[in-house]
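Subject: Handing over a structure

Hi,

Here is the structure I promised to pass on to you. Please open it alongside this email, and my notes follow underneath.

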4 protein chains.
Amino acid sequence: MVTQPARPAPDTTRRSERSRRAIYAAALALISEVGYPKTTIEGIAARAGVGKQTIYRWWGSKADVLLEAFLDLSAQAAEEAGASEQEPYAIPDTGDLAADIKAVLRATVDQLTDPRFEAPARALAAEGVVNEQVGREYMANLMEPSIQLYVDRLRSAQEAGQVRPGIDPRIALEFFISPLAQRWLQYTGPITYDYTDTLVDYALYGLAPR
Amino acid sequence: MVTQPARPAPDTTRRSERSRRAIYAAALALISEVGYPKTTIEGIAARAGVGKQTIYRWWGSKADVLLEAFLDLSAQAAEEAGASEQEPYAIPDTGDLAADIKAVLRATVDQLTDPRFEAPARALAAEGVVNEQVGREYMANLMEPSIQLYVDRLRSAQEAGQVRPGIDPRIALEFFISPLAQRWLQYTGPITYDYTDTLVDYALYGLAPR
Amino acid sequence: MVTQPARPAPDTTRRSERSRRAIYAAALALISEVGYPKTTIEGIAARAGVGKQTIYRWWGSKADVLLEAFLDLSAQAAEEAGASEQEPYAIPDTGDLAADIKAVLRATVDQLTDPRFEAPARALAAEGVVNEQVGREYMANLMEPSIQLYVDRLRSAQEAGQVRPGIDPRIALEFFISPLAQRWLQYTGPITYDYTDTLVDYALYGLAPR
Amino acid sequence: MVTQPARPAPDTTRRSERSRRAIYAAALALISEVGYPKTTIEGIAARAGVGKQTIYRWWGSKADVLLEAFLDLSAQAAEEAGASEQEPYAIPDTGDLAADIKAVLRATVDQLTDPRFEAPARALAAEGVVNEQVGREYMANLMEPSIQLYVDRLRSAQEAGQVRPGIDPRIALEFFISPLAQRWLQYTGPITYDYTDTLVDYALYGLAPR
DNA sequence: CAATAAACGAGACGGTACGTCCTGTCTTCAG
DNA sequence: CTGAAGACAGGACGTACCGTCTCGTTTATTG
């Protein structure tokens, strides 16, 4: 592996929290207002009232800034949501698999159409398509946690005999998530509660007659 | 709606076919070699031995050029493939729905991993995520035709009693396509024949025990 | 000597008079309206309702077009002026050298401040400063004739004993013309009748006391 | 007066002296080598090893760059010349007006034919003809100082009784300068010591017989 | 009086330069 | 030493013209 020119790593302890938050806010605002391609590092710096170097010191690229800003936003949102509940994030387990998953998917539909999330999420997803590293980080940090919840719920359903024993939960969950994701990413169809409900029904009981 | 400054539309009949082909070739080559973001209009023009204005005269953006270049590439590929067969593009109908769809998906896997298609397809998909217009054109021109084939095959299966009567084919087909698409786009998992075969089995017979 | 690619000389007899006049008019108008540097061959062609090639066929450069246009304008002006007189252009010879030259210079002042002539004349002069060929043609075609008139008048004065015998008229006339030219070209001072009258007096009788 | 979009004035104290000098050198070299019209800002930047923006940041146009570069060159030349003398710039006053002015004019002839000065001076003069602002700056910065010296010397001569009392020195000096300037600018005649000597004689003693 | 050949209008083409914008680095100064 | 500020070399943007090169379409003799 090639070792970099060894820019002496900046001292994290002296980092300005104020600047960091301002940069996150500016980045998210600009992405929503003018779109990802017209969002520039210079623009973020100006809007955040920050020197460009402060951005280059702590992040490697525009995508990095956005990724962290979005993670921060998600964490905040989670905190807000989690404040009221004990177990901040888990798919409910009422015993009725279909109902539980439908409920979660409806929440996902709400989030995908929330304008606060829409633009940055889309921008990140697009960058991730073209830039494998960003894609993998996006995956690992933003999607993997939710995916794990599906895996857990499906395993539990499997133990309860509601899902066939041979089924691989990591593949099965894609029937709920991927069609929705594709409709959202590629504008291939409308995103509604009806649609997600149908997805669950089709997936659980199959297309072939019983 | 605001009408643009209305640069008088160029005369299509006098367009240089030579330049058009050179531009397509240069665009596809550059995308594969240096990636979408580092592919510049200037670079395409230089590589194609063409003036920049010739690109700006006929296309509105880098994405437009790439879209057309890719459509052209696909059309060529289709022509090559179709030359040998009578019915150039249709899902086979042997009576065995599962086998037929597995075969088609295996072909799709091959295409998605063909390096000739990979980079430009990915670039276009990414642009389409962020730029709705490109997204819709990508959909309409590149994906819709194949999707229709699935719809037809599923309808035929429905008539043969191999698919439940109430099933909506436009939703059902997403079980085959979307998971594969998401794995490809977002690096969420490996793409293999085994995987697509499994998708078909799960989708047709459902997750719940029979 | 290298013989050019030998573009077959165009047939002058078939040349469109209509286009030629339109090009002259457009060139002069544009120079006056937007200045020399912003006057483009494309602009002249568009304004004249003429193809670019028609300009390139008959002229070698923007300066060439302007030079001919200006010559044409001058010829027209001369014709108009000459229509009323018998001897269209000559410095009057009343026997009073000072008065005669003052009269001619006053006419020159009028011309230099005529807005119809100002812009193109200035543009040509400027081009001539930097482009020796244009400079010499400008000289030969536009200034030499007038200069010859001064030479003649000064010779006649010499014969009449009003100018010292040893004086070289080609140098002497510069005392009348050059200061005026420089004030006009380089904005080094105002251009008035008073000024030119003074020039004549100083030049004829010298600066040193008599 | 309309105030411009007001790009915030750059900080002069942080300006790179290195770049400035490189730009002057590149500009003067290019003008001499390829002429004014083929000298481009892009070319200057490339030759100077400088970004284009660095030129646009500090100068408004090609003419501005050249003007300052030439002023700098003149200042340097003056410094070199002035290093040896006490009074760096003044027309000598030996009591013999004709001899003194002849000497200065001979020096001017030398400068006008010095290839180092020729091209840029000519380019500037041409631009000044067509662009009044440049013309006036050229005048004020490059010619006015020398002109003042003539005025002083003529005044002194007037006090000594060598020049008629009524003579206006600002007009009289044009007899020495303008004919020479015109010959140089417009290629209307050769520039020699003989010629300038003659100018002085004619101007001082007049054309009319004594 | 057609035939034909040149000039013509139009404008696409390969290029060059424009003036602007942004990148990522570097330097200066304040806290 | 961090951080705001911003100058710097570099390079792409999208536009405007350059001068060349077809295209049909006049137009004006010539056979």
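To begin with a question: which side chains meet in a salt bridge with an N to O distance of 2.9 Å? They are those of A:R183 and B:E174; a salt bridge here is a side-chain nitrogen of Lys or Arg within 4 Å of a carboxyl oxygen of Asp or Glu.

Before going further, please note that this is a predicted model, where local features need pLDDT of at least 70, side-chain atom pairs count only at pLDDT 80 or more, and totals for chains, interfaces and linings use all residues. Residues are numbered from 1 along each chain as its sequence is written, chains are lettered from A and ligands numbered from 1 in the order in which they are written, and side-chain values use heavy atoms, leaving out hydrogens and water.

**Chains A and B**

Two salt bridges are found across the interface of chain A and chain B. On the chain A side, α9 gives the most, with 11 residues; helices are DSSP runs of H or I, at least four residues, numbered from the N terminus. By class, that side of chain A has 29 nonpolar, 11 polar and eight charged residues. (Ala, Val, Leu, Ile, Met, Phe, Trp, Tyr, Cys and Pro count as nonpolar, Asp, Glu, Lys and Arg as charged, and the others, Gly among them, as polar.)

Have a look at A:E174, which sits in helix α9 (residues 174-186) of chain A. A:E174 is buried (under 20% relative accessible area, 1.4 Å probe, protein chains only), at 7%. Its side chain makes a polar contact with the side chain of B:R183 at 2.9 Å. A polar contact is a pair of N or O atoms within 3.5 Å; within protein, one must be able to donate a hydrogen and the other to accept it, and residues adjacent in sequence count only if both atoms are side-chain atoms.

**DNA strand F**

Around DNA strand F there are 40 residues, and among those that come nearest are A:S16 and B:K52; a residue is near a strand if one of its heavy atoms lies within 4 Å of it. Sugar and phosphate make up 63% of the strand F atoms that come within 4 Å of the protein.

A polar backbone atom of A:S16 is 2.4 Å from a phosphate oxygen of the strand. For D:R57, a side-chain N or O atom is 3.1 Å from a phosphate oxygen, while a polar side-chain atom of D:R14 lies 3.3 Å from a base nitrogen.

Happy exploring!

Notes
Helices (H or I, at least four residues) and strands (E, at least two) are DSSP runs, numbered from the N terminus. Buried means under 20% relative accessible area, exposed over 50%, partly exposed in between (1.4 Å probe, protein chains only).
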